[in-house]
Amino acid sequence: MLVKCVTAEDSERAECWLSWATSRGLTPDIACTSLSSMVTACAHAGNLREAERWFDKIEAMGMQVSMGTYVMLFQATANLNISTRFEQLFHRMERAGVEPTCVIYHTFIRACARCGRMESA
């Protein structure tokens with residue numbers, strides 16, 4: 001349901017659905033999976049602002065962001081050629097104690113190359 005709301009660009013409705021589900025006992029692991037799906041759906045739609053907002057919600061709830069969620073956000077940032085945002089996210093991931101994978105490094109280098117910032121790679 002959440003992903004359908006996001007793909008229809010109705011994040012307000014998605015927010016309502018998530019609040020409703022949480023008030024009815026949605027467990028934290030399911031909530032985290034749902035929020036990660038929101039990040040993925042927004043990233044695929046090229047809506048980085050919303051993807052980051054949902055990403056922030058995962059952290060605000062005290063949950064560990066999955067590597068897959070980081071990858072989706074990194075790829076969306078790379079696709080939009082926003083290397084400075086990518087660097088900020090990379091440092092945020094390091095501060096959270098999440099070890100970058102080969103996929104993250106590859107996406108980071110690709111983003112820097114697209115933006116003409118190979119010195120950052």
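Y105 has a relative accessible area of 39% in this predicted model, so the residue counts as partly exposed, since the buried class ends under 20% and the exposed class begins over 50%. Its ring is nevertheless engaged, because F90 and Y105 form an aromatic pair that is tilted, with 5.9 Å from centre to centre and 55° between the planes. The two members come from distant parts of the chain, F90 lying in helix α6 and Y105 in helix α7, 15 residues apart. F90, in contrast to its partner, counts as buried, at 10% relative accessibility.

**Aromatic pairs**

The pair of F90 and Y105 belongs to a structure that holds five aromatic pairs. Another of these is formed by F74 and F86, whose ring centres are 4.5 Å apart and whose planes stand at 40°, so that this pair, too, is tilted. It likewise links distant parts of the chain, with F74 in helix α5 and F86 in helix α6, twelve residues apart. F74 is buried at 0% relative accessibility, and F86 is buried with a relative accessible area of 0%. Ring pairs join F74, F86, F90 and Y105 with F55 and Y70 into a cluster.

The two pairs described here are set out below.

| Pair | Centre to centre | Angle between planes |
|---|---|---|
| F74 and F86 | 4.5 Å | 40° |
| F90 and Y105 | 5.9 Å | 55° |

**The nonpolar core**

The largest nonpolar core contains 28 residues, and the members that touch the most others are V39, F55, Y70, L73, F74, M93 and I104. At least two residues of this core are supplied by each of the helices α3 (28-44), α4 (48-60), α5 (67-79), α6 (83-95) and α7 (102-114). The largest share, seven residues, comes from α5. F55, Y70 and F74 are named among the most connected core members, and these three also take part in the cluster of ring pairs.

M93, another of those well-connected members, is in contact with M67, Y70, F74, V98, P100 and I104 when its neighbours within four places in sequence are left aside. Among these partners, Y70, F74 and I104 are themselves listed with M93 as touching the most other members of the core.

**Charges over a ring**

The face of W54 is approached by two charged side chains: R53 lies over it at 5.0 Å from the ring centre, while K57 lies over the face of W54 at 5.9 Å from the ring centre.

Conventions: Residues are numbered from 1 along each chain as its sequence is written. This is a predicted model: local features need pLDDT of at least 70, side-chain atom pairs count only at pLDDT 80 or more; totals for chains, interfaces and linings use all residues. Side-chain values use heavy atoms; hydrogens and water are left out. A nonpolar core is a set of buried Ala, Val, Leu, Ile, Met, Phe, Trp, Tyr and Cys residues joined through side-chain atoms within 4.5 Å. Buried means under 20% relative accessible area, exposed over 50%, partly exposed in between (1.4 Å probe, protein chains only). Helices (H or I, at least four residues) and strands (E, at least two) are DSSP runs, numbered from the N terminus. Contact means heavy atoms within 4.5 Å. Rings of Phe, Tyr and Trp (its six-membered ring) pair if their centres lie within 6.5 Å; planes under 30 degrees apart count as stacked, over 60 as edge-to-face and the rest as tilted. A charge sits over a ring if NZ of Lys or CZ of Arg is within 6 Å of the ring centre and within 35 degrees of the ring normal.
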